Amino acid sequence: MFLIAGYSKYSCPYVWVRSNHERIILCDPKMAPEKDFPLNLITTSEWREKDIKVWDVIAELVNICADPCPANPFEVDFDYFEALPLVEKYLASGAMVNILRKIISTGPHGYDKRS
């Protein structure tokens with residue numbers, strides 16, 4: 001789980017690891033992972049210079065965490081939605097359609113084309 005937060009004072013988002021991703025942050029295995037420092041991501045580093053959107057940050061996180069790395073970090077897992085109870089299925093699929101519509105409406109992305 002990650003915490004993505006934006007502060008107007010800094011004019012860019014930051015991402016913190018909150019659970020289950022100890023391999024992402026390099027730390028001594030005997031010590032608890034440090035959660036008070038944001039991750040150094042390409043997307044958050046380039047936020048001020050490029051037209052980076054929050055879904056670009058999410059795509060980078062998916063690519064870092066998934067093994068193997070997916071060709072499209074926003075590929076829909078239909079089995080997940082099918083397994084949900086009916087009300088949750090409607091809410092989750094509506095939220096998914098909304099974010100995918102926003103992503104598509106911003107123009108072409110590097111993950112649009114399948115290999």
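Let me start at Glu82, which is exposed, with a relative accessible area of 57%, and which forms a salt bridge with Lys89, where the closest N and O atoms are 3.8 Å apart. Please keep in mind throughout that what we are looking at is a predicted model, and that the values I quote are computed from it.

That pair belongs to a set of three salt bridges in the structure, and I would like to go through the others as well. In one of them the side chains of Lys50 and Glu46 meet, at 3.3 Å from N to O, and here Glu46 is partly exposed, with a relative accessible area of 27%. In another, Asp51 is paired with Lys53, the closest N and O atoms being 2.9 Å apart. For the Asp51–Lys53 pair, Asp51 counts as exposed because its relative accessibility is 61%, whereas Lys53, at 27% relative accessibility, counts as partly exposed.

Now to the overall layout. The protein has four helices and two strands, and, if you read along the sequence, they follow the pattern β-β-α-α-α-α. Of the 115 residues in the protein, 25% are buried, and about 8500 Å² is exposed, with carbon and sulfur atoms supplying 58% of that area. As for how the chain comes together, among contacts between residues at least 6 apart in sequence, 38% join residues at least 24 apart.

Which residues make up the largest nonpolar core? There are seven of them, namely Val15, Val17, Leu39, Leu41, Ile52, Val57 and Leu61, and both strand E2, residues 12–17, and helix H2, residues 54–65, supply at least two residues each to this core. Apart from it lies another core, of five residues, among them Ala59, Phe74, Ile103 and Tyr111. This fits a general expectation, since in soluble globular proteins nonpolar side chains tend to be buried together. Coming back to Ile52, and not counting residues up to four places away in sequence, this residue touches Thr43, Glu46, Trp47 and Val57, so that Glu46, whose side chain meets Lys50 in a salt bridge, also appears among the contacts of a core residue.

On the outside, there is a nonpolar surface patch of about 190 Å², made by Ile4, Val54 and Ile58. Ile58 lies in helix H2, and why does Ile58 count as partly exposed? The reason is its relative accessibility, which is 32%, and therefore falls between the 20% and 50% limits that separate buried from exposed.

I would like to spend a little longer on His109, whose place is in the segment after helix H4, residues 86–105. Is His109 buried or exposed? With a relative accessible area of 15%, His109 is buried, the cut-off for that class being under 20%. Its side chain makes a polar contact with the side chain of Thr106, at 3.0 Å, and also reaches the backbone oxygen of Gly107 at 2.8 Å. Leaving aside neighbours within four places in sequence, His109 is in contact with Trp55, Asp56 and Ile103, and Ile103 is one of the residues of the five-residue core that I mentioned earlier. For Asp56, which is 53 residues away from His109 along the chain, the C-alpha separation is 9.0 Å.

Finally, a point about the backbone, which those of you preparing this model for further calculations may wish to look at. Which peptide bond is cis, with omega near 5°? It is the bond from Asp67 to Pro68, and Pro68 is found in the loop between H2 and helix H3, residues 78–83. As a general matter, most peptide bonds are trans.

Methods
Residues are numbered from 1 along each chain as its sequence is written. This is a predicted model: local features need pLDDT of at least 70, side-chain atom pairs count only at pLDDT 80 or more; totals for chains, interfaces and linings use all residues. Side-chain values use heavy atoms; hydrogens and water are left out. A nonpolar core is a set of buried Ala, Val, Leu, Ile, Met, Phe, Trp, Tyr and Cys residues joined through side-chain atoms within 4.5 Å. Buried means under 20% relative accessible area, exposed over 50%, partly exposed in between (1.4 Å probe, protein chains only). Contact means heavy atoms within 4.5 Å. A polar contact is a pair of N or O atoms within 3.5 Å; within protein, one must be able to donate a hydrogen and the other to accept it, and residues adjacent in sequence count only if both atoms are side-chain atoms. Patches are made of residues with over 30% relative accessible area and no salt bridge: like charges are joined within 9 Å, nonpolar side chains (Val, Leu, Ile, Met, Phe, Trp, Tyr) within 5 Å. Accessible areas come from the Shrake-Rupley method with a 1.4 Å probe; for residues, only the protein chains shown count as cover. A salt bridge is a side-chain nitrogen of Lys or Arg within 4 Å of a carboxyl oxygen of Asp or Glu.
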